[in-house]
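Work through the exercises below with the sequence and the structure at hand. Try each task before you read its solution.

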Amino acid sequence: MEKYRNKLHLWQVFLHNPSEWWDNRKNKRSPQQPDFKHKDTGESLWLSPNDPPWVKRQLELLDSRMGEGLGKQVRSHSRVSTWVYDE
């Protein structure tokens, strides 16, 4: 049960700031590789059929907001974030 809670917590951390994670979904060479990996801590997440439905919905929402998905923004090797200014 503790492992399940930890995974749910990681999904919440991921969804709070997906730009801090590498998105490996499109470039995985093996199922053992994580779908998402935190850029600083190295924590990993794998998509699973056992994930709660809100995980899939939130990922779909993120992907639709970013066009092709998280790949381009999150896969960037730059750690400098893009600032958006309201004028």
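**Exercise 1. Find the residues that leucine 45 touches, leaving out those up to four places away in sequence.**

Step 1. Fix the rule: contact means heavy atoms within 4.5 Å.
Step 2. List the partners of leucine 45: Lys7, Leu10, Trp11, Phe14, Trp21, Pro34, Asp35 and Phe36.
Step 3. Keep the basis in mind: this is a predicted model, where local features need pLDDT of at least 70 and side-chain atom pairs count only at pLDDT 80 or more, while totals for chains, interfaces and linings use all residues. Residues are numbered from 1 along each chain as its sequence is written, and side-chain values use heavy atoms, with hydrogens and water left out.

**Exercise 2. Name the residues of the largest nonpolar core.**

Step 1. Define the core: buried Ala, Val, Leu, Ile, Met, Phe, Trp, Tyr and Cys residues joined through side-chain atoms within 4.5 Å. Buried means under 20% relative accessible area, exposed over 50%, and partly exposed in between (1.4 Å probe, protein chains only).
Step 2. Read off the ten residues: Leu10, Trp11, Phe14, Leu15, Trp21, Phe36, Leu45, Val55, Leu59 and Leu62.
Step 3. Assign elements: α1 (2–16) and α2 (53–65) each give two or more residues to this core. Helices (H or I, at least four residues) and strands (E, at least two) are DSSP runs, numbered from the N terminus.
Step 4. Pick the top contributor: α1 gives the most, with four residues.

**Exercise 3. In what order do the three strands lie in the open sheet?**

Step 1. Apply the test: two strands pair if DSSP finds at least two bridges between them.
Step 2. Write the order: β1-β2-β3, with antiparallel pairing.
Step 3. Mark the edges: β1 (21–23) and β3 (44–45) each pair on one side only.
Step 4. Check one pairing: β2 (residues 36–38) and β3 pair over two bridges. Lysine 37 has serine 44 in β3 as its bridge partner.

**Exercise 4. How many aromatic pairs does the whole structure hold?**

Step 1. State the cut-offs: rings of Phe, Tyr and Trp (its six-membered ring) pair if their centres lie within 6.5 Å; planes under 30 degrees apart count as stacked, over 60 as edge-to-face and the rest as tilted.
Step 2. Count: the search finds four pairs.
Step 3. Take one of them: tryptophan 11 and phenylalanine 36 are edge-to-face, 5.8 Å centre to centre and 80° between the planes. Tryptophan 11 is in helix α1 and phenylalanine 36 in strand β2, so the pair ties together parts 25 residues apart in sequence.
Step 4. Check burial: tryptophan 11 is buried at 0% relative accessible area. Phenylalanine 36 is buried at 0% as well.
Step 5. Take another: phenylalanine 14 and phenylalanine 36 are tilted, at 4.4 Å and 45°.
Step 6. Join the rings: Trp11, Phe14, Trp21 and Phe36 form a cluster through ring pairs.

**Exercise 5. Which residue meets lysine 7 in a salt bridge?**

Step 1. Recall the rule: a side-chain nitrogen of Lys or Arg lies within 4 Å of a carboxyl oxygen of Asp or Glu.
Step 2. Name the partner: aspartate 51, at 2.9 Å, N to O.
Step 3. Place both ends: lysine 7 is in helix α1 and aspartate 51 in the loop between β3 and α2, 44 residues apart.
Step 4. Compare exposure: lysine 7 is partly exposed at 24%, whereas aspartate 51 is buried at 13%.
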